[in-house]
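Me: I would like to go through this structure step by step, with each answer reasoned out before the name or value is given. Please take the chain as shown below.

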Amino acid sequence: LCCTMSMTDYTIVSISLYSRKTSKYDDEDIDSASGSLQLPPLLPPANERDQKDYYYGVRIITGAQGEAGTVDPGVYLRLTGTKAGSSKIYLTGGWLSWLSGGGCELISRGFDDLVIRCEESLGEIQVVELGNEKGWSSAVSNAVGAHWYVDFVMIHNFQSEQIKEFPCYHWIGDGEFVTFTSETATLHDIKGNDILSQQRKKQIEIRRKQYQWHVKTDEEIKLGLPGNIAANKNMFALPPDEQWEKTKLADFTVDGITSASALGPGVIAGSINDLSFYEDLVRKIKDPVVKNYLFEGGRWTSDVEFGRQILNGVNPVIVRKCDTLPSNFPVTNEMVRGFLCRGLSLQQEMNVGRVYIIDLKIMHGLKCKEGQYSCAPICLLYVNMCGQLVPIAIQLQQQPGEDNPIFLPSDNWFDWLVAKMYFNSAFGQLHQMSSHYLCCHSAMEAYGIATMRNIPDAHPVLKLLRPAFRYTMAINCNARLTLINPGGMIDQVWSIGGEGRLELVKRACGAYRVQHTNIKCSMEDRGVGDASALPNYYYRDDGLKLWEAMESYVQDVLGMFYKSDAEVKGDSEIQEWAADVHTNGFPAYSHETRGDHCSSLSNVFFAPEGRGFPRSIESLKDLVQYCTLIMFTGSVQHSAVNFGQFENLSFIPCSPLSLYKPPPTKKGELSFQDMIDCLPSKYESFLHVATTSTLSQHSPDEIYLIQYTRERFTEQNIKDKVTKFLWKLEEISTTIRERNKPLDIKYEWLLPENIPQSITI
């Protein structure tokens, strides 16, 4: 980096340890106007200064997370300015300090605050480098882990009196170094600045070695999943910035142990005689005092609860407006007339937008484990006079016939209840592999890898998107190792485990398009955007508000850096990013010549191509849309489809993911015992409930959307945009809380204070 610049000798003339509290920063050091940590005067007294020398004050802020600090003797600082660059300045003292050059001497131990004296001027500091010499870790640091996490560095140029922040936010391991700059900038903004241009180039070269794409096998290619990190199933082989920190790792391990130990000996042995076992199981795993609304007065059996879960449960993205019945779903007006409470015919109700449908044909013919069963149901739903969405007809298989009756609310109570159970079984399995894993986890990992490989830290797009990737690669490695792997948790718990699961993944990938998690596009495509026709759809109402807030924020920030579409098209970093996502992030669609722009849904969603990420970004509008899509998917969308799993899926009779009897082929023959007999065993039930409990947990070190920080941006005008975004989130939170007050079951998954910024579980 500094090879073309003169090397200036340094002496550390004074150093003092910055006093830290247990909070991230001392409150008195926070400037309420800017949120910046203020640098105290570090200039040595005049009688100790050589007037011919040049002085720079440095504050290094170590992160507040566990084990972020370091005692390694090999940690160093290097500065590059507009006039010169430095040699390495070792920070922790000891015998290595002589390597710094110029007789470097540490006056006292510690490295938070220091003053550097130079015989020549460095000019204004452009680049900061922090590193840790390989192999110099001390015995203490080896015992606790040789990693150092730095939030940011502040530089005080005493000659110009300029104070600059240099955001870092990286782990620095043994033998590693990071470089970082102060200002947010695109390539266009630093045109002609060789120092910053070279720093960006070098940073991306290093990142592309750290963040390599997994080379898929032929079988993996056939599945069609988005690209993933080369570490694949080894979380500890990930780049340090992507690994779980100690708090998260410990909590995840303890949660699993707690779920297992809560049962006690013998609880998962023996047969099941009634439904009380399933309720007791939920309470034992979670907490005896937890109030699970599904148990209240048999709520889980009601049609209103069934419809509520369709709209506001963990899979609220499937239901569609029904204009015409599928030819293989021969529901007649006579069948459902008694449930249409406005005196209109079924076709008339469809014409005014009060009839909805879920067709799970994607589940048709999936192979189940021996002795287990699934189905591919179609469900017709209707908005009643109370504004409630309720089911009015369910067919459990795709091919109509005498052995595949259409079940109705007027049928035998057990017939109707079991029909809803079988529907929920298929619905739940599709949710986990498609709406949850594919559309959120897998897609976000692909976005994260490409972003880190192609966009440097100083770029506004990186600063916008980086919070959305925290822990995602790590949790996906864990999922590939324990959850969706052959013989893993899903294979043990689901009817379609094994071969059927793989076929479902393949079909889901074949139907996937990147704009599925664009809530505006999704609502329009499914015809469910009209709140007057389909009320009480809180996922839609809250999600749209959050999308619009994010979109406005992204537009505000990116609009400050791109003044024309030509500048977007001319940004090689953005274009290389788009090409990497297109080719390696979504390889199943890499042959397509266009991306999924969602500009005309009637053409795009059913077009033969245009399902993946575009090869290039042609306008500021497109860049804003795709950045919003990524931020929304990793936060809002994942929160909507994940954190309600315990509440909605833990009571197994309501949503059994494995069934031991084939779907009923006749009406009037089912009994209570038949229903009990089709449900999973005690062991499978334990795995099911323990998994929903773990997946619904928030980590102690979770960072929520409402905590979105301004730290990565140093510019006050951009920090003001972040503040505006946070105020909007507060406003949305207030609106949701007011809406929730009269509700028996409050929809709280999309409260900004409940939405993690990224996929951490």
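Me: Leaving aside its neighbours within four places in sequence, which residues is Trp-577 in contact with?
Reply: The model is a predicted one, and the contacts that follow are computed from it. Once neighbours within four places in sequence are left aside, the contacts of Trp-577 include Ala-450, Thr-451, Asn-454, Ile-455 and Leu-465. The remaining partners of Trp-577 are Tyr-447, Phe-613, Leu-623, Cys-627 and Ile-630.

Me: Which element gives the largest share of the largest nonpolar core?
Reply: The largest nonpolar core has 158 residues, and Tyr-447, Leu-558, Trp-577 and Leu-623 are those with the most contacts inside it. The largest share of this core amounts to 22 residues, and these come from helix H9. Apart from this core lies another, of 25 residues, with Ile-60, Ile-89, Leu-114 and Ile-172 among them. The element asked for, with its 22 residues in the largest core, is H9.

Me: How are H9 and H19 oriented to each other, roughly parallel or roughly antiparallel?
Reply: Helix H19 (residues 620-642) packs with H9 at an angle of about 150°, the two axes being 10 Å apart. The contact is made by residues including His-431, Cys-439 and Tyr-447 of H9 and Leu-629, Gly-634 and Asn-642 of H19, and the crossing of the two helices is left-handed. Because angles over 145 degrees count as such, H9 and H19 are roughly antiparallel.

Me: At about what angle to E15 does helix H9 run?
Reply: The order E12-E13-E14-E15-E16 describes an open sheet of five strands with antiparallel pairing. Strands E12 (320-321) and E16 (406-407) stand at its edges with a single partner strand each, so one side of each has no neighbour in the sheet. Helix H6 (residues 303-312) lies across E13, E14 and E15, and runs at about 95° to E15. Helix H9 (residues 413-454) lies across E13, E14, E15 and E16, and its angle to E15 is about 90°.

Me: Which residue in E14 is the bridge partner of Ile-357?
Reply: Strand E13 (residues 355-359) and strand E14 (residues 378-383) run antiparallel and are joined by five bridges. The bridge partner of Ile-357 in E14 is Leu-380.

Me: Which residue in E7 stands opposite Arg-59?
Reply: Strand E7 (residues 113-118) is largely enclosed by the rest of the structure, because five of its six residues are buried. Strand E3 (residues 54-62) pairs with E7 in the antiparallel sense over six bridges. Opposite Arg-59, in E7, stands Asp-113.

Methods: Residues numbered from 1 in each chain as written. Predicted model: local features only at pLDDT ≥ 70, side-chain atom pairs only at ≥ 80, totals over all residues. Heavy atoms only, no water. Buried < 20%, exposed > 50% of the residue type's maximum accessible area, 1.4 Å probe, protein only. Helix = DSSP H or I, 4+ residues; strand = E, 2+ residues; numbered from the N terminus. Pairing = 2+ DSSP bridges. Contact = heavy atoms within 4.5 Å. Axes fitted to C-alpha atoms, helices over the stretch in contact; angles between N-to-C directions. Core = buried A, V, L, I, M, F, W, Y, C linked by side-chain atoms within 4.5 Å. Parallel < 35°, antiparallel > 145°, perpendicular 65-115°, else oblique. Left-handed = near helix turned anticlockwise from the far one by under 90°.
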